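Here are a few exercises to work through with the model open in your viewer. Try each task before you read its solution.

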Amino acid sequence: MQSTRPQTTRWIAAGIMTAGITVAAGQAESISVPIETHQSEITQRFDTTAPGHPAMLESASANRGAVVFDPDAPPNSFLEKNWYVNFESPPIDALALNSDGNTLFAANTPNGTLAIFDVSGNPMQQVGEIPTGIEPVSVGIQPGTNDRIVWVLNFVSDTAAVVDTLTGKVVDIIRVGDEPATITFSDDGATAFIVTQGPPVFDNGEEIRQKSGVVAVSTTTRQIVGKVILDMNTPRRSVIVPGQNKLVVAALRSGNNTTVVGEPFLFDTSDNGLVFFPNLVNASNFSLTQPLFSDPSLSPWPDISPVPGATFVARIVKDRGVTVNNVWHDIIEVLNGSTGGDNPSLQVLSSYIAEFPTVLNPFEALTKTITDAKDTVDNDIAVIDISNPASMFVDSMDGDIGTALTGLALRPAGDAGVEVMVTNFEPFNTTRHEPTLNGNFAAHEVVRVTGLGSGAVAQPFDLHAGIPNFGDVSQFNQQAWDNALSNPIDIEFNAAGSVAFVAALGSSRIGAVDPDTGGVFDVIDVPAGPRSLAYDADRDLLYVLSRTDMGIQRLDVSTPSLMTARGNLPLFNPEPDDIREGRGFMHSSLLSNNGGFACATCHLDATYDALAWDLGNPDKLENETKPFITADLLGNPCLEGGGENHPLKGPMVTLSLQGLKNHTELHWRGDRLEFQSFKGAFSGLQGGEEPTDEGMDTYTAFIDSIAYPPNPFRNPDNTFIDPVAATGLNVYMNSCNACHQITHDGALQVECEPNDVAFNLNGGLFAQVQLVPQLRGLYKKFDTDLYGGFGLLHDGREEREANDHPLDTFLQTFFQGIINNGLDDDLIAFVQGFQSNAMPIVGFQTVAAGPAANEVFASPSFEQDIDLMIQQHDLFPSRCDVIAKGTVNGVQRGYFLWSTDTVSPTFRSDAGTTLLLTELLAGIASGDSLVFTAVPPGSGRRMGVDQDDDCVSDLLDPDPQNPMLNADYNHDGRVDTADLGSLIAAFGTVNEAITLNPDPLIDTSDLGILIGAFGVCP
């Protein structure tokens, strides 16, 4: 039934364009419409005067004109510049043992190197270290090379470094795509298969979108010979099935078939005119569906709270594809008469009209309810046919296996098909409210999967099922704390396949698990933050790489019920103390009463889980802090007022912890004034004790260090990969920049407020105040509505419908008509390429080789590549530093770009000497190679020639990985009055962080050393 009223097509509330609305012809230019509900009366003011888009946006575009994109212009926002820049890349398959078990290879992520260990004796000994790129995360030994050739995946450089471990040099650098995660090899070693979490390398003419995949690389030519795009969210772990030409890939953010319902709907009524409120009100009042609202996921509706003003907020439910124990599926069946369609049955429609005769669009109202829950794509594990690497294809996709598949292992002597086991976080995000979820918001599982490719069967095992009262954190649970295997992150089988060894990142221990029953044979504590495992089948030894404590531990696992430590070896870690010390607050679950939960349970690798959670508190007696609110960006940019944050917040999509520096308040609603305000989450959500103020300051320093990586949709010279993005910049500046300021990472600031700013949009659009979110990394969320059920908005509501992109849905829902002439694709391309705080040149690499080094596959364009890095370095502000690492005359050397004021650029060496670039290249002997890498500004000296950053060049430093005697306290590359001031301030005290000699007392001896080092660090 349609309204016969004349139509207009614009509704503006609080200065923001929304979906179309009907208004009577000749009506006043603004109307106040009371919305009557069964519990509250809300009055909304609709401004209908604007002919197109909101006044504030129209004004923003009126005086701007065309914007010409200049890739060399100063960046729109600040650049990450420091002696150490933390991208917090996750070690994935960071360990590999050679065939005889005597040599262990490890990716040293923070140091950017491949570390080599002799593990044949006791103690283990490091015997080599080879620089490979920015943040290596995985290693793989190429078959058929006598364990000589090792491939290393560099997560930020987006490359595979091919290392000849016998000569200690990188023989090739292969650009494979965004965030290469894991590498496996064909049985004959002829092909390497590399999983990329972001898009693989782009080919001319292909669609430029955030689609992950697998690239196949010939190990002979080291050229990419094939690739396949994967229909899954963040593929990460992979294994080869020997003898079957099958590659198995598991997705990190595979989703759990949940979504959000309750999106506002425009009701056309004969008594109150046009009313706009969540469509759940429709279903909760309808006699046929009202009984179903007793389900805990929906009831009560609206919320009950001691604080007045609880609003109608959306609900998280199982998506419409789930047919068992799914209240929303039951609602759909009632409304469509079990036909399975998207339209209400005639009988239901007749009943609805009889009950609500004043609703003039009943068919649309019921249809909206039926279609509100989408059917998400549940692709957890892919099996890829790799028999022909040039034309790989996905043989099968299996779902209903898990939600956050963090580890994957092929079981030896498994079933007749393909049997694997995965580690998994299974979140309870359909359970509402922080007090209910406290200390028990996910299951920590291993999942046995049989029959892959022929009807997979998943058998999940809760790793804490044998611990009494594990989910009760009302008091300290010693048994749980001692035995928890929380946040399982990696898994390896023993040779017989009878034991699965599980690395528990949160509780910092290894568990020996029965793969048939899920029973735990034994647990053993290891250094903090275990991330990667390697198993020696001949000796029954397990090697563990721990990221928080940054070391390798060896375990004797010959008796699974009595695992024993057999040595520990630290890895060099160049990170500053606040990063090293703060990381544990994110990953450690031992801060909870049951040892079960940490921030990283939801913020995977300091990012997000692609899910929404309803973490409101129905017991709280006061409203939450509200952020600064601007209501008028034209005449009163600093007007504060309106709205406040109710403790019942409704669903909110997990936000990334990247890039929080220079951005407060925090949360979608700005209800945390600073990161230290999250202190209460350690008790209220994780079920433990709150850290001290000093501890939270350390945690904050760590979080503030985490930077977004370079945007993969820009070329190294900062041009867009998708050329229409340059046009999209114009669209953005004339339509979006008034709120999502390009100079503030896409967030909003006003001149009188140093923090991020919110809008009060709770007049119908949203139920509460919302910050204007930043846009860095948004490209990674463009498909989360497909795979995780939640879109881009705070509650994830704007899932794509008839559109092929969620930004299209967002624009058509909230800014209909603002983008004209088919420019929405251009805008999408620009937002997809939105600038990060590290420029796209950062991580770029090329190989320069000796003239007769025929076995070295040097980049044919290495001279142009080096020129590009130097050109980006010379821009203002500098986009990067440039380093060169490798072998010269058979010796490992390092260099960094020192000056470009001469005819040929000058490099500084690790021996403290300078030489021209032409001299550097001419000095590469036959068989040698140098890898040139663009690194973050300010980090070139450390990464190139002084790895411990102590102002003593590596070749002259008797202990180049020991920064004890460093007079450059502020790491600015010079010892000067600023450093002298730091020493004088500590004079006469005992301070191991300041001392320059073995004596911790700061005295004249330290002063003499500092004065002797005065000047620029060599």
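**Exercise 1: the second largest cavity**

Val85, Ile134, Glu135, Arg942 and Met943 lie nearest the centre of the second largest cavity, which has 14 residues in its lining. Keep in mind that this is a predicted model.

Task: work out how much space lies in the second largest cavity, and sort its lining by class.

Solution. Start with the space: the second largest cavity holds about 100 Å³. Next, go round the lining and count by class: seven residues are nonpolar, five polar and two charged.

**Exercise 2: the largest cavity**

Task: find which residues lie nearest the centre of the largest cavity.

Solution. First, search the whole structure, which turns up nine cavities of 30 Å³ or more. Then pick out the largest cavity, with about 370 Å³ of space. Its lining is made of 31 residues, and Glu179, Gln197, Thr234, Arg253 and Lys780 are nearest the centre. Finally, the class count for this lining comes to 12 nonpolar, 10 polar and nine charged residues.

**Exercise 3: the second largest pocket**

Task: say which elements give two or more residues to the lining of the second largest pocket.

Solution. Begin at the centre: of 39 lining residues, Leu97, Thr184, Val239, Glu492 and Tyr535 lie nearest to it. Now step outwards to the elements. Those giving two or more residues to the lining are β5 (95–97), β9 (136–141), β13 (180–185), β17 (235–241), β25 (404–410), β29 (488–493) and β33 (530–536). The space in this pocket is about 1,300 Å³, and its lining splits into 22 nonpolar, nine polar and eight charged residues.

**Exercise 4: the sheet with β17**

Task: work out which strands stand at the edges of the open sheet that contains β17.

Solution. Write down the strand order, β17-β18-β23-β24, with antiparallel pairing. β17 and β24 (393–398) each have a single partner strand, so they stand at the edges, and one side of each has no neighbour in the sheet. From one strand to the next, the twist averages 25°. Now zoom in on β17 and β18 (residues 246–251): this antiparallel pair has six bridges, and Ser238 stands opposite Val249 in β18.

**Exercise 5: two helices**

Task: describe how α11 and α14 cross.

Solution. Take the axes of α11 (residues 725–735) and α14 (residues 824–832): they come within 7 Å and cross at roughly 95°. That makes the two helices, α11 and α14, roughly perpendicular. In their contact, Ala725, Thr727, Gly728, Leu729, Val731 and Tyr732 of α11 meet Asp826, Leu827, Ala829, Phe830 and Val831 of α14. By class, that gives eight nonpolar, two polar and one charged residues.

Methods. Residues numbered from 1 in each chain as written. Predicted model: local features only at pLDDT ≥ 70, side-chain atom pairs only at ≥ 80, totals over all residues. Heavy atoms only, no water. 1 Å grid on protein atoms, 1.4 Å probe; cavity = no way out; pocket = protein on both sides within 12 Å on 5 of 7 lines; lining within 4 Å. Points joined across faces, edges and corners; volume = space filled by probe spheres on them. Helix = DSSP H or I, 4+ residues; strand = E, 2+ residues; numbered from the N terminus. Nonpolar A, V, L, I, M, F, W, Y, C, P; charged D, E, K, R; others polar. Axes fitted to C-alpha atoms, helices over the stretch in contact; angles between N-to-C directions. Parallel < 35°, antiparallel > 145°, perpendicular 65-115°, else oblique. Contact = heavy atoms within 4.5 Å. Pairing = 2+ DSSP bridges.
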